[in-house]
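Reader: I'd like a close look at just one part of this one, please. Could you walk me through how a pair of neighbouring helices meet, and then show me what surrounds them?

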Number of protein chains: 2
Amino acid sequence: MHKITIGLIGFGTVGSGVVELLQKRKNFIKNRFNTEFVIKTVCDLEIKKRDTTGLNKTLLTTNINDVVDDKDIDVVIELIGGLSPAKDIVVNSLNNGKHVVTANKALISNYGKELFKIAQKNKCHLYFESSVGAGIPIIKSITEGLVGNKFNAVYGIINGTCNFILSEMTEKNFSFEDALKEAQRLGYAESDPTLDINGMDSAHKLAILAQLTFGKFLNVKDIYTEGITQISHDDIEYAKSLNLTIKLLAIAKKHNNKIEARVHPTLISNNHPLASINSVYNAVYLDADPLGKILLSGEGAGRMAAASGVVSDLINYASKGADRRLICNLYDENTKLRLGSIDDVETKFYIRFLAGDKPGVLSKISGILGKQGISINSVTQKVHNKTSSVPVVMLTDYTSEKKLRIALKMIKKLSTVKGTPVAIRMEKLW
Amino acid sequence: MHKITIGLIGFGTVGSGVVELLQKRKNFIKNRFNTEFVIKTVCDLEIKKRDTTGLNKTLLTTNINDVVDDKDIDVVIELIGGLSPAKDIVVNSLNNGKHVVTANKALISNYGKELFKIAQKNKCHLYFESSVGAGIPIIKSITEGLVGNKFNAVYGIINGTCNFILSEMTEKNFSFEDALKEAQRLGYAESDPTLDINGMDSAHKLAILAQLTFGKFLNVKDIYTEGITQISHDDIEYAKSLNLTIKLLAIAKKHNNKIEARVHPTLISNNHPLASINSVYNAVYLDADPLGKILLSGEGAGRMAAASGVVSDLINYASKGADRRLICNLYDENTKLRLGSIDDVETKFYIRFLAGDKPGVLSKISGILGKQGISINSVTQKVHNKTSSVPVVMLTDYTSEKKLRIALKMIKKLSTVKGTPVAIRMEKLW
């Protein structure tokens, strides 16, 4: 029987899920892998506030070094999230010859390059399956399951909170605010949901996916990121009437030596499988050569979903032989690749604005768009009786971001247009 | 640089794809895995008829033993399909200490238990990712990516030919015969498509999936299997009007110590993601505990899709250390599990029959169903002007297969019912 000694740092929701799942799968792991995982230490700054029922009190500590410096510990599980002190924990653990399992997307997206090198230098493994899509085996599929392939694109729904909010708005006619409250009530959104709804969580995960698929470490700050706070119920209704659905998509594509990477609300056809991915579900498409389009989907968040990914990482570590090739060797860098500017990205656009119902306003707007070389595919103008302003929805043909932005600025300045026009990209997915 | 010597048996469509892909990925494999795959021998009974451009003629043989008995060959790739001589090739290769990669679903579903034991005895690996869903990493996801989970169910669309035919019938209003011809024209169906359209291909794959998820080797013959040949254009149209789609599903579920395993056309809601999986795409759902529902989808057939799975198997073998745990150890057997009878499976049913347009026929049929305890949820009777018989569609509530079969026999005997009633199961998927 192989014995693998674990130190767990961060005993919140996911940490307690990992302990529970290891306990539940104890016999299975023994029988199939001839391995026993022994949790030697559980560290949490607020360990006294946590429910540690079932854990021997002698395992508990608030001192990170009780884990990181313990020579008996083979694998450190980092589950505190954020950059500090998570980074020090991972760096010091690797430098002390320990393998690390983490679910920390901020850490891997910001410091992956540095951490993989440190892991490699120390001949240690660094696993992070739960950092994207929780337990959905996205990372393993890219790095191992599809290893015979090159990747042209990776895109999908990688934030469960936003997908839940948009689903509620679509299915139950909720306003954004009510849908967010419902997400918080059900535990799908934090009390401060900023990182989810402003798209940053998706940007972190997209940086990790782009690295794995294209071999390019992206600076998260360089990824164009737009959240869902501007999506109104009107947009959802217009989308429905056009047989479209609004999803927050993270998209990375490779064109020769240029990468485009962006996170924004996107109108997609109701016939596309992503349109059926609702509630807190995540879904990632990989455009692989020669395999073609691959879709992986499942619950991308939650206590046991994340725990499932962490435990799979542990078992995968255990099932490799002692002289196994290091997983961190997988993360090479293609130095030729460059991140392109969002200005050059071409999509169709849905534009909604409130126009004074005066003859001539549409021709003025068409003129502005035309000047930028933007063709209009359709115009919908709904008549409101009780107001002098009417909402107008225009669908454009393909145009660059830059041209559209210039046109929108000019449209906003028109005296007959009220407020800020809303623009949502329409993406043609395969 | 590690050198891994390969013998390839079967140089048809997939075999030549493997050679092409290994050539394309040569530098990538060298750089990332410090490994070189050397194809030493290519064996095919009809090697003279094959296009062997680019292969050194000294590699070619028609004699299987030139591969199986060659001490220099580390890995044998078996791509001839079928049971004989494929089984002997795999058994003899393993007994000669060679690792094996195969895409042969018939072989693994029929002889997996025996082959895994032989592999284990010889400390050799037996990989078969391409046997189900071609290069979609379904097998790796079940055995490694989701290894922290137990599985309650596995189901999905695992035959691309049938999915293509049903998609064409739905989208282009083709008849079954025309859709099949189109599939043959495009190379999606064999000239003899029997194994695909009668569901047997799906049954083979389902047996493999059930073994991996539940740890139970099923006899393919014991899996209830129904193909798509009875699906008429009328059924497709009725399904559309009910906001449903007909898919050939393979379904395996575990209830305590009982497994149900079946392949049949199934009516599912248009809102379900599987309803959007069209053309030759495959899609497999896993119901995992604790992770929940996981979906994997992609092209499940074709030259390069299958080659992608084979090459991923090869690289995965190469990236493991020398004392790696054997993958065949994963295939244990849960001896408590039993395959249940199809008689006991409960679903809703869609029933269509041609009824003489006489008063009383519906009440007779309702009476027969009522006697079996089968409730009717809805009845649709379309009026045809030029015939005295009208098609009637009934949707039942949940009932066992056994009860429905008895009722259908009695309905068929009614003088006012013409021909054989069509019954299609309606599955509630999550």
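Author: Take helix 4 and helix 5 of chain A, bearing in mind that this is a predicted model. On the helix 4 side, the contact is made by Ala86(A), Lys87(A), Val90(A), Val91(A), Leu94(A) and Asn95(A). Facing them from helix 5 of chain A are Leu107(A), Tyr111(A), Leu115(A), Ile118(A) and Ala119(A). Sort the residues of this contact by character and you get nine nonpolar, one polar and one charged.

As for the geometry, helix 4 (residues 86-95) and helix 5 (residues 105-121) of chain A pack at an angle of about 15°, and their axes are 10 Å apart. Angles under 35 degrees count as roughly parallel, so helix 4 of chain A is roughly parallel to helix 5 of chain A. The crossing of these two helices is right-handed.

Now for the surroundings. Both helices sit within the 2-134 stretch of domain 1 of chain A, a domain that also takes in 303-330. Chain A also has an open sheet of six strands, paired in parallel and ordered 3-2-1-4-5-6. Its edges are strand 3 (60-61) and strand 6 (126-127) of chain A, each with a partner on one side only. Further in, strand 1 (residues 2-9) and strand 2 (residues 35-43) of chain A pair over eight bridges, and Thr5(A) stands opposite Val38(A) of strand 2.

One more helix to look for is helix 12 (residues 303-319) of chain A, which lies across strands 1, 2, 4, 5 and 6 of chain A and runs at about 155° to strand 5.

Methods: Residues are numbered from 1 along each chain as its sequence is written. Chains are lettered from A and ligands numbered from 1 in the order in which they are written. This is a predicted model: local features need pLDDT of at least 70, side-chain atom pairs count only at pLDDT 80 or more; totals for chains, interfaces and linings use all residues. Two strands pair if DSSP finds at least two bridges between them. Helices (H or I, at least four residues) and strands (E, at least two) are DSSP runs, numbered from the N terminus. Two residues are in contact if their C-beta atoms, placed from the backbone, lie within 7 Å. Axes are lines fitted to C-alpha atoms, for helices over the stretch in contact, and angles run from 0 to 180 degrees between N-to-C directions. Domain bounds come from an automatic or database domain assignment. Angles under 35 degrees count as roughly parallel, over 145 as roughly antiparallel, 65 to 115 as roughly perpendicular and the rest as oblique. A crossing is left-handed if the near helix is turned anticlockwise from the far one by less than a right angle, and right-handed if clockwise. Ala, Val, Leu, Ile, Met, Phe, Trp, Tyr, Cys and Pro count as nonpolar, Asp, Glu, Lys and Arg as charged, and the others, Gly among them, as polar.
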